[in-house]
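User: Please take a close look at the salt bridges of this model and at the strands and helices that they connect. A connected account in prose would be preferred.

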Amino acid sequence: MINKPLRLQCAVKNYNWGIVGSKSHVSRLFCLNSGTHINPNEPYAEFWIGTHESGASFLDHGGLSLKEWISKNPDVLGDRVLNKWGGDLPFLFKVLSVEKALSIQAHPDKELARTLHKSQPSLYSDENHKPEMALALTEFEALCGFISLKELRNVLCTVPEIVDLVGGADAEQCFPVNEFGRSQEVKAIVESIFSQILLSTLVASTIAWLRSIPAHKVGVLYQFCTYEIKLKCMMVDDSCTSLTHVKVHCSTKFSFLTMLCASLNQKRQLTDKEMLVLRLEGQYPDDAGVLAAFLLNYVKLNRGEALCIGANEPHAYIRGECIECMATSDNVVRAGLTSKHRDIQTLFSMLNRRQGFPQILKGISLNPYTTRYLPPFEEFEVDCCVIPQAASLVFPSVAGPSLFLFISGNGTLSAGFSKEQIVEEGEVLFVPAYMEFTIASQSKELHLYRAGVNSSFFQAF
């Protein structure tokens, strides 16, 4: 019988979009958890806690992975979890430190995940869906879901570059449509514009063509009209000494998106979305995903706010640090803002075309020290606990397993008749089902997060 929580050693991901060096939660937590030193020149992107093979956690002593240990001790999951999800944790817990935008992506539902894993197992590593929730540790920015028809009309009126890409006839379809009376038609129009942007070969072909021409032979006509740029590219004869209204652009680095960014810098105060587009173009030059960002909701979370992302929902994390919890999966279908494999056709086939701003969760108070975040997914929930000095908090027995992550501070943990344990920043604990214990703070604040199976799942019994 297991009579105390188990310490875990967890995995880190050093993706290039992570925050470099010691300035991130991920670098600090991983190095405290593993006993290693922070590399000041390396990006630290994700800290993984759970059983997924792409970043498995291990018992602190003994060398077993958490998944292997659970398979030998399945009772630690509780009967209801074991019967529903088998001998594995149904959730994956992470910390993310984002400096550079992640790809525009979506996660497949269960049916599509099975199909993708069977056909392309090297790209889609498991058969599960991946609904997720991001809970902000700092100010956190993301793109999520499609903008409303009203906002789309405004984009088409103010960003003619998008109209140029998709064609005037398609863009004009938005204007006579009633947003409330013909929802399917509206969704089809949004999907069409979004897909044409991401599938557009204009950017790539223009860049390739211009880079094939000697720089001194390329002329670019700039025609600024407040917010508009018209581009014309022409060959310039060697004998030509002057061109009316033509500025010779002696650079092989040419981008349709760069021209858009130039227009955004003209004459007036930029909107938050426009400033974001400028930033994205700096990170991903010539990527059509920069233009696609105009069609997605720009979400800014304050610390302690959470965003839920369901299966098939287009999104991209932009900047900031967060706690992330999800169903146990690593399936990602990408379409823009990335150098990785893009599966654009699959993404279009699966997209949730719902429009409007996503719901922001602020959590519900369970007691003076605990806020709970309940997403509409049965696999997981997250508690945020901040225990002041000399205070203690009882964590009651629950019918499923939990993972605990200590973000800052230190204290003690006592469970039943087992010896009191010291807990501190960087510690990660696996807590079996039906275990009650108490945590007491010995620092100014002891800050921790708990992930567990959504309590609504147990209420259904």
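Analyst:
**Salt bridges and the elements they connect**

The side chains of K130 and E132 meet in a salt bridge, with an N to O distance of 3.9 Å. Both partners are covered, since K130 is buried and E132 is buried too. The model is a predicted one, and a search of the whole structure finds 16 salt bridges in it.

A second pair leads into a strand. E141 forms a salt bridge with R279, and their closest N and O atoms are 2.8 Å apart. Because E141 belongs to strand β10 and R279 to helix α11 (residues 272-283), this pair ties together parts that are 138 residues apart in sequence. The two ends differ in their surroundings: E141 is buried at a relative accessible area of 11%, whereas R279 is partly exposed at 22%. Elsewhere, R372, E381, D383 and R450 are joined into one network by salt bridges that share partners.

The burial of E141 fits the setting of its strand, for in β10 (residues 140-146) 7 of 7 residues are buried. Strand β10 runs antiparallel to strand β14 (residues 296-301), and 5 bridges join the two. In this pairing F146 stands opposite L296 of β14. Strand β10 also pairs with strand β16 (residues 315-327), again in the antiparallel sense, over 4 bridges. There C144 has H315 of β16 as its bridge partner.

A further salt bridge involves another helix. E425 forms a salt bridge with R28, the closest N and O atoms being 2.3 Å apart. This pair links distant parts of the chain, 397 residues apart: E425 lies in the loop between β25 (421-424) and β26, and R28 lies in helix α1. Both residues are partly exposed, E425 with a relative accessible area of 24% and R28 with 28%.

Helix α1 (residues 25-34) lies across β1 (6-9), β23 and β26, and it runs at about 110° to β23. These strands belong to an open sheet of 8 strands with antiparallel pairing, in the order β6-β1-β26-β23-β28-β21-β20-β19. Its edge strands are β6 (58-59) and β19 (364-367), each of which pairs on one side only. Within the sheet, strand β23 (residues 402-408) and strand β26 (residues 428-431) run antiparallel and are joined by 4 bridges. L403 stands opposite F430 of β26 in this pairing.

Conventions: Residues are numbered from 1 along each chain as its sequence is written. This is a predicted model: local features need pLDDT of at least 70, side-chain atom pairs count only at pLDDT 80 or more; totals for chains, interfaces and linings use all residues. Side-chain values use heavy atoms; hydrogens and water are left out. Buried means under 20% relative accessible area, exposed over 50%, partly exposed in between (1.4 Å probe, protein chains only). Two strands pair if DSSP finds at least two bridges between them. Contact means heavy atoms within 4.5 Å. Axes are lines fitted to C-alpha atoms, for helices over the stretch in contact, and angles run from 0 to 180 degrees between N-to-C directions. A salt bridge is a side-chain nitrogen of Lys or Arg within 4 Å of a carboxyl oxygen of Asp or Glu.
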